[in-house]
Amino acid sequence: MSFKTLAVTLTAALTLSACAETMTPEPEMAEAEMTRLSTTADMAAITDRTLVIGENEVVIKSDGTLTGTFGGGISGTWRMEDGFWCRTLIVNPTPAPAEDCQLLETDGKTVNGTRDRGNGASFTYDIAT
């Protein structure tokens, strides 16, 4: 190998090495912060919008009612109590066993819910655009 070839090879290697050391990784996408929906005013973030989970949809209406496609069709009423979203359902047209008060949170794209005042099963809806 000639001196000129060696010099070019070393220069290229040092240049690449310097670039590798100064390159910074792309920042990771920060997860959106979830906001708890604990008042009727907070619910405005999701009311009158279609919430989707799997093949099912629900619309929590600003007038205190709700409708959806679960089990062939649901309807019901809702209210806020002690920071929880409390809903009573009628499913196909049988009333559900009891009111369920749920902890709801949103990041503007999804709604996370936890049944039984935050102590039960959890679920996530996508907010349709």
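What percentage of the 129 residues in the protein chain do the buried residues make up? Before I answer, let me say that what we have on the screen is a predicted model. Buried residues make up 27% of the chain, and the surface that the chain exposes comes to about 8,600 Å², with carbon and sulfur atoms supplying 57% of that area.

Let me turn to the overall layout. The protein chain holds two helices and ten strands, and if we read from the N terminus the order is α-β-β-β-β-β-β-β-β-β-α-β. Of the contacts in the chain that have a separation of 6 or more, 29% are between residues 24 or more positions apart.

Now the interior. The largest nonpolar core has 17 residues, and Met43, Ile46, Leu51, Trp85 and Leu104 are those with the most contacts inside it. At least two residues of this core come from each of β3 (56-60), β5 (74-81), β6 (84-91) and β10 (122-127). If we take Ile46 and set aside its neighbours within four places in sequence, we find Ile46 in contact with Leu37, Leu51, Ile60, Leu104, Thr106, Val111 and Ile127; Leu51 and Leu104 were also on that list of core residues with the most contacts.

Next, a residue in strand β2, which spans residues 50-53, namely Val52. Is Val52 buried, exposed or partly exposed? Val52 counts as partly exposed, because its relative accessibility is 23%, and the buried class requires a value under 20%. Beyond residues up to four places away in sequence, Val52 touches Glu57, Thr124, Tyr125, Asp126 and Ala128. With Tyr125 in particular, the C-alpha to C-alpha distance is 5.2 Å, although Val52 and Tyr125 are 73 residues apart in sequence.

Tyr125 brings me to the last topic, the largest pocket, since Tyr125 is among the lining residues that lie nearest the pocket centre, together with Phe70, Arg87, Leu89 and Arg115. The space in this pocket is about 250 Å³, and the elements that give two or more residues to its lining are β2, β3, β6, β8 (100-106) and β10. Which element supplies the largest share of the lining? That is β6, with four residues. In the lining as a whole, which has 17 residues, 14 are nonpolar, one is polar and two are charged.

To bring these parts together, β3, β6 and β10 each supply at least two residues of the largest nonpolar core, and β3, β6 and β10 are also among the elements that give two or more residues to the lining of the largest pocket.

Conventions:
Residues numbered from 1 in each chain as written. Predicted model: local features only at pLDDT ≥ 70, side-chain atom pairs only at ≥ 80, totals over all residues. Heavy atoms only, no water. Core = buried A, V, L, I, M, F, W, Y, C linked by side-chain atoms within 4.5 Å. Buried < 20%, exposed > 50% of the residue type's maximum accessible area, 1.4 Å probe, protein only. Contact = heavy atoms within 4.5 Å. Areas by Shrake-Rupley, 256 points an atom, 1.4 Å probe, with all protein chains shown as cover. 1 Å grid on protein atoms, 1.4 Å probe; cavity = no way out; pocket = protein on both sides within 12 Å on 5 of 7 lines; lining within 4 Å. Points joined across faces, edges and corners; volume = space filled by probe spheres on them. Nonpolar A, V, L, I, M, F, W, Y, C, P; charged D, E, K, R; others polar.
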